[in-house]
Amino acid sequence: MRKLTTYFENPFDSDDISMAELIAFSTDHNQRLIANNDDGQFDSEIASLSSSLNGLEQYVTDDEGLLGIRKARKLAKDNFRETSIPADVQRIEAGFTAAFGGDSPILLEALPSGRSIFQTCRDDQMSGHLQTLLNAVTRHQASLAPATLNLATALRNNWATIYQASEVSTGNKSVTQQGKQEARQALQLQLFLILLKLGSMFPRQPEKLSLYMQQHLLENPGSAGASPAAPVAPVG
């Protein structure tokens with residue numbers, strides 16, 4: 001039997017985890033929480049994790065850490081665009097079809113260029129297409145399922161947040177080593193607390209972890225434990 005004290009140890013405190021790896025993992029994890037938060041069950045965790053991650057980023061001045069931030073933000077943006085947006089747009093379209101029928105001109109209000117535009121447009125055009133969709137949902141919300149407006153609003157807002165973070169470069173700050181270490185420890189603790197919550201939500205279901213955390217991002221490329229990333233598909 002494994003020692004019970006093992007479960008009180010924070011795996012994110014490992015000295016083998018570099019700053020770049022920690023930031024990449026945390027950014028990807030935060031985006032996965034956002035993508036799988038339909039019922040708001042992770043609202044407090046997303047807020048706390050975002051605060052801890054932003055706090056650490058303020059102290060990052062070395063090239064490795066800055067590169068980690070840029071890579072992590074781009075990864076979060078690409079994952080959200082490639083998985084969450086197509087899935088959620090399809091759900092919203094299904095809501096319109098159920099309410100008005102597949103041949104209704106109202107569908108053209110919501111998706112004038114069809115669903116494919118969300119996969120082919122430039123990143124800087126995505127907000128416009130999501131806003132068009134949200135405007136149509138808002139106009140016809142009385143005929144749609146109540147959750148549709150929340151879904152369309154969250155989709156527009158989450159993309160704006162993730163895309164902006166990807167575009168903004170982080171400037172160097174004057175920092176102390178102590179402040180940097182404290183900020184890193186705060187982030188590591190927050191990750192551990194979320195890991196414990198996931199364990200309590202999904203007892204005896206370790207396969208669920210990959211929806212929320214990608215351990216290979218904490219490992220050196222080619223290490224024995226590294227594995228391909230799982231999709232960021234919303235749960236439900």
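**Salt bridges, pockets and surface of an all-helical model**

With a relative accessibility of 8%, Asp88 counts as buried, because a residue under 20% relative accessible area is placed in that class. This value, like the others below, was computed from a predicted model. The partner of Asp88 in a salt bridge is Arg91, and the closest N and O atoms of the two residues are 3.3 Å apart. Both Arg91 and Asp88 belong to helix H3, where a separation of 3 residues corresponds to about one turn of the helix. Arg91, at 41% relative accessibility, counts as partly exposed, so the pair joins a partly exposed residue to a buried one.

The setting of this pair is a protein whose secondary structure comes to 8 helices and 0 strands. Read from the N terminus on, the elements follow the order α-α-α-α-α-α-α-α. The protein has 236 residues, of which 39% are buried.

Salt bridges were searched for across the whole structure, and 11 of them were found. Side chains of opposite charge can pair when their charged atoms come close. A salt bridge that involves helix H3 and a loop is formed by the side chains of Arg115 and Glu93, with an N to O distance of 2.6 Å. Since Arg115 is placed in the loop between helix H4 (106-110) and helix H5 (117-120), while Glu93 is part of helix H3, this salt bridge ties together parts that are 22 residues apart in sequence. Arg115 is partly exposed at 35% relative accessibility, and Glu93 is also classed as partly exposed, at 23%. Elsewhere, Lys74, Lys77, Asp78, Arg81 and Asp123 are joined into one network by salt bridges that share partners.

Within this network, the side chains of Lys77 and Asp123 meet in a salt bridge of 2.6 Å, taken from N to O. This contact links distant parts of the chain, with Lys77 in helix H3 and Asp123 in helix H6 (residues 123-139), 46 residues apart. Lys77 has a relative accessibility of 7% and therefore counts as buried, the limit for that class being 20%.

Empty space in the model was examined next. Rolling a probe the size of a water molecule over the atoms shows where empty space is left. The second largest pocket holds about 490 Å³ of space. Its lining consists of 21 residues, and those that lie nearest the centre of the pocket are Asn37, Asp38, Asn150, Leu151 and Ala154. At least two lining residues are supplied by each of helix H1 (19-35), helix H2 (43-57), helix H3 (63-100) and helix H7 (146-167). Of these contributions, the largest share of the lining is that of H7, with 7 residues. When the lining of the second largest pocket is divided by class, 10 residues are nonpolar, 7 are polar and 4 are charged.

Besides the pockets, the search gave 1 cavity of 30 Å³ or more. The space in this largest cavity is about 40 Å³. The cavity is lined by Ala110, Leu111, Pro112, Ser113, Ile117, Phe118, His129 and Thr132, with H5 and H6 each supplying at least two residues of the lining. By class, the lining of the largest cavity comprises 5 nonpolar and 3 polar residues, and no charged ones.

At the surface, Met1, Leu4, Tyr7 and Phe8 make a nonpolar patch of about 600 Å². One of these residues, Tyr7, is located in the segment before H1. Tyr7 has a relative accessible area of 44% and is therefore partly exposed, because that class lies between the limits of 20% and 50%.

A feature of the backbone is found in the segment after helix H8 (177-201), which contains Arg204. Although Arg204 is not a glycine, the residue has a positive phi of about 65°. The relative accessible area of Arg204 is 82%, so this residue is classed as exposed, a term applied to values over 50%.

How values were computed: Residues numbered from 1 in each chain as written. Predicted model: local features only at pLDDT ≥ 70, side-chain atom pairs only at ≥ 80, totals over all residues. Heavy atoms only, no water. 1 Å grid on protein atoms, 1.4 Å probe; cavity = no way out; pocket = protein on both sides within 12 Å on 5 of 7 lines; lining within 4 Å. Points joined across faces, edges and corners; volume = space filled by probe spheres on them. Helix = DSSP H or I, 4+ residues; strand = E, 2+ residues; numbered from the N terminus. Nonpolar A, V, L, I, M, F, W, Y, C, P; charged D, E, K, R; others polar. Salt bridge = Lys/Arg side-chain N within 4 Å of Asp/Glu carboxyl O. Buried < 20%, exposed > 50% of the residue type's maximum accessible area, 1.4 Å probe, protein only. Patch = residues over 30% accessible without salt bridge, like charges linked within 9 Å, V, L, I, M, F, W, Y side chains within 5 Å. Areas by Shrake-Rupley, 256 points an atom, 1.4 Å probe, with all protein chains shown as cover.
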